[in-house]
Amino acid sequence: AARVGCSKQTLYSQFGSRQELMQSVMQEHLDLATAQLDDGQGDIRTVLLAFAMEHLQRLSDPHVITTCQLLSAEAAQFPEEARTLYRDGCDRLQQRLADWLVVAMRRGQLRQDDAHFVAELLLGMIVGLDFERQRFAVAHRDTDALRKAWAERAVDAFLRSFRPPVASGDT
């Protein structure tokens, strides 16, 4: 409400409910986080680094941390809403990344594997424990330089792990 300059009531009435507002915010985050995957331009490392940096920057936003803390605290009281938000956020992010990875596998940029498994593994490598550090207000990668260094290490380790097999005649 503060960001758009209106009251909370006006904001809720615009979206119909608190849950619809949260779903809209999740969709915006998802669209921004996966925008680098949509254009299909650049080499695989460049695209994955851009995706990783966008994802890490979004997860470092103080509003995101606060929202996640609130959602965690209320999940037990509102389990269905929590599951819906998880599905609309985390599951969709994993699905979009998996879809992109399938294309990369078909192009021969990555070895063939279960795309959902690979997407979850890559997301875990990108985030590491930094999101948990932020949730618990302990030291974390709080600058673009630190996030970039981490993203590079995670993406490079991922690409080494899932590089396509070398044909027997290649050297």
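Okay, before anything else, one term: when I say lining, I mean residues that have an atom within 4 Å of a point in the cavity. And keep in mind that this is a predicted model.

So, cavities. This structure has two of 30 Å³ or more, and I want to talk about the second largest one, which holds about 30 Å³ of space. Who lines that cavity? Going along the chain, we have Leu56, Leu59, Ser60, Val127, Asp130, Phe131, Gln134 and Arg147. By type, that lining splits into four nonpolar residues, two polar and two charged.

Which elements give two or more residues to this lining? Those are helix H3, residues 44-59, and helix H7, residues 130-135. H7 has the largest share, with three residues.

Now let's stay with H3 and look at what it packs against. Start with helix H8, residues 144-161. The axes of H3 and H8 come within 9 Å and cross at roughly 135 degrees. So H3 counts as oblique to H8, and the crossing is right-handed. On the H3 side, the contact uses Ile44, Arg45, Leu48, Leu49, Ala52, Met53, Leu56 and Gln57. On the H8 side, you'll find Asp144, Arg147, Lys148, Trp150, Ala151, Glu152, Val155, Asp156, Phe158 and Leu159. What's the mix there? It's 11 nonpolar residues, one polar and six charged.

Next up is H6, residues 115-127. Here the axes of H3 and H6 come within 10 Å, crossing at roughly 60 degrees. These helices are therefore oblique to each other, and H3 passes H6 in a right-handed crossing. H3 brings Leu48, Phe51, Ala52, His55, Leu56 and Leu59 to this contact, and H6 brings Leu122, Leu123, Ile126 and Val127. And how many charged residues are in that contact? There are no charged ones; the residues are nine nonpolar and one polar.

Let me tie this back to the cavity, since some names come up again. Take Leu56: that residue lines the second largest cavity, sits in the contact of H3 with H8, and also in the contact of H3 with H6. Leu59 and Val127 are in the lining too, and both belong to the H3 and H6 contact. Then there's Arg147, another lining residue, which H8 brings to its contact with H3.

If you have the model open, go to Leu56 and look around from there. That's it from me.

How values were computed: Residues are numbered from 1 along each chain as its sequence is written. This is a predicted model: local features need pLDDT of at least 70, side-chain atom pairs count only at pLDDT 80 or more; totals for chains, interfaces and linings use all residues. Side-chain values use heavy atoms; hydrogens and water are left out. On a 1 Å grid over the protein atoms alone, a cavity is a set of points where a 1.4 Å probe fits but cannot get out, and a pocket is an open set with protein on both sides within 12 Å along at least five of seven lines; lining residues have an atom within 4 Å of a point. Grid points are joined across faces, edges and corners, and a volume is the space filled by probe spheres set on the points. Helices (H or I, at least four residues) and strands (E, at least two) are DSSP runs, numbered from the N terminus. Ala, Val, Leu, Ile, Met, Phe, Trp, Tyr, Cys and Pro count as nonpolar, Asp, Glu, Lys and Arg as charged, and the others, Gly among them, as polar. Axes are lines fitted to C-alpha atoms, for helices over the stretch in contact, and angles run from 0 to 180 degrees between N-to-C directions. Angles under 35 degrees count as roughly parallel, over 145 as roughly antiparallel, 65 to 115 as roughly perpendicular and the rest as oblique. A crossing is left-handed if the near helix is turned anticlockwise from the far one by less than a right angle, and right-handed if clockwise. Contact means heavy atoms within 4.5 Å.
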